[in-house]
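Reader: Hi! I am in my first year and still learning to read protein models. Could you take me on a close look at the side-chain pairings and the places around them?

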Amino acid sequence: MPKYVLLIHGDADAWATMGPDEKARIDAGHSRFMDTECSAVIGGHELAGASTAVTVRPRGSERPLVTDGPFAETKEIVGGFYIAAA
């Protein structure tokens, strides 16, 4: 059975300054999605903020290299995800 990752993009600055009513409206949209598509959704979660992001690069037999980032040239970040099966 094929599986898909649905990425949730957003503007972190807009989310940080958004009022509680707008956040509640967005959360309600996620709830509606889960109510209608729950049989296909295997999992999902909100991700930590971009300020906590790190990049992990393998280095053969050495320990992986962990650095701050990634740093995208955009205001949008991946804020969460769903995993769904067809």
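Author: Happy to help; here is a walk through the aromatic pair, the salt bridges, a surface patch and two single residues.

This is a predicted model, in which local features need pLDDT of at least 70 and side-chain atom pairs count only at pLDDT 80 or more, while totals for chains, interfaces and linings use all residues. Residues are numbered from 1 along each chain as its sequence is written, and side-chain values use heavy atoms, with hydrogens and water left out.

Let us begin with confidence. The pLDDT is the predictor's confidence in each residue, from 0 to 100. The chain averages 87, and 93% of the residues score at least 70. Helix 2 has the highest confidence, at a mean of 93, and strand 5 the lowest, at 85. Helices (H or I, at least four residues) and strands (E, at least two) are DSSP runs, numbered from the N terminus. As a reading habit, where pLDDT is low, the predicted coordinates should not be read in detail.

Now the aromatic pair. A search of the whole structure finds one. The ring centres of Phe33 and Tyr82 are 4.7 Å apart and the planes stand at 45 degrees, so this pair is tilted. It joins distant parts of the chain, because Phe33 sits in helix 2 and Tyr82 in strand 5 (residues 76-85), 49 residues apart. For the cut-offs, rings of Phe, Tyr and Trp (its six-membered ring) pair if their centres lie within 6.5 Å; planes under 30 degrees apart count as stacked, over 60 as edge-to-face and the rest as tilted. Phe33 counts as partly exposed at 26% relative accessibility, whereas Tyr82 counts as buried at 12%. Buried means under 20% relative accessible area, exposed over 50%, and partly exposed in between (1.4 Å probe, protein chains only).

Strand 5 also holds Gly79, which is partly exposed at 26% relative accessibility. Leaving aside neighbours within four places in sequence, Gly79 is in contact (heavy atoms within 4.5 Å) with Ile8, Glu46 and Leu47.

Leu47 turns up again on the surface: together with Val5, Leu7 and Val78, Leu47 forms a nonpolar patch with about 330 Å² of accessible area. Patches are made of residues with over 30% relative accessible area and no salt bridge; like charges are joined within 9 Å, and nonpolar side chains (Val, Leu, Ile, Met, Phe, Trp, Tyr) within 5 Å. Accessible areas come from the Shrake-Rupley method with a 1.4 Å probe, and for residues only the protein chains shown count as cover. Val5 belongs to strand 1 (residues 3-11) and is exposed, at 55% relative accessibility.

Next come the salt bridges, where a side-chain nitrogen of Lys or Arg lies within 4 Å of a carboxyl oxygen of Asp or Glu. The whole structure has two of them. In one, Glu22 meets Arg25, with the closest N and O atoms 2.6 Å apart. Both lie in helix 2 (residues 20-37), three residues apart, about one turn of the helix. Glu22 is partly exposed, at 32% relative accessibility. In another, Arg59 meets Glu62, with the closest N and O atoms 3.7 Å apart. Arg59 is partly exposed at 38%, and Glu62 is exposed at 52%.

A last stop is Thr55 in strand 3 (residues 54-59), which counts as buried at 18% relative accessibility.
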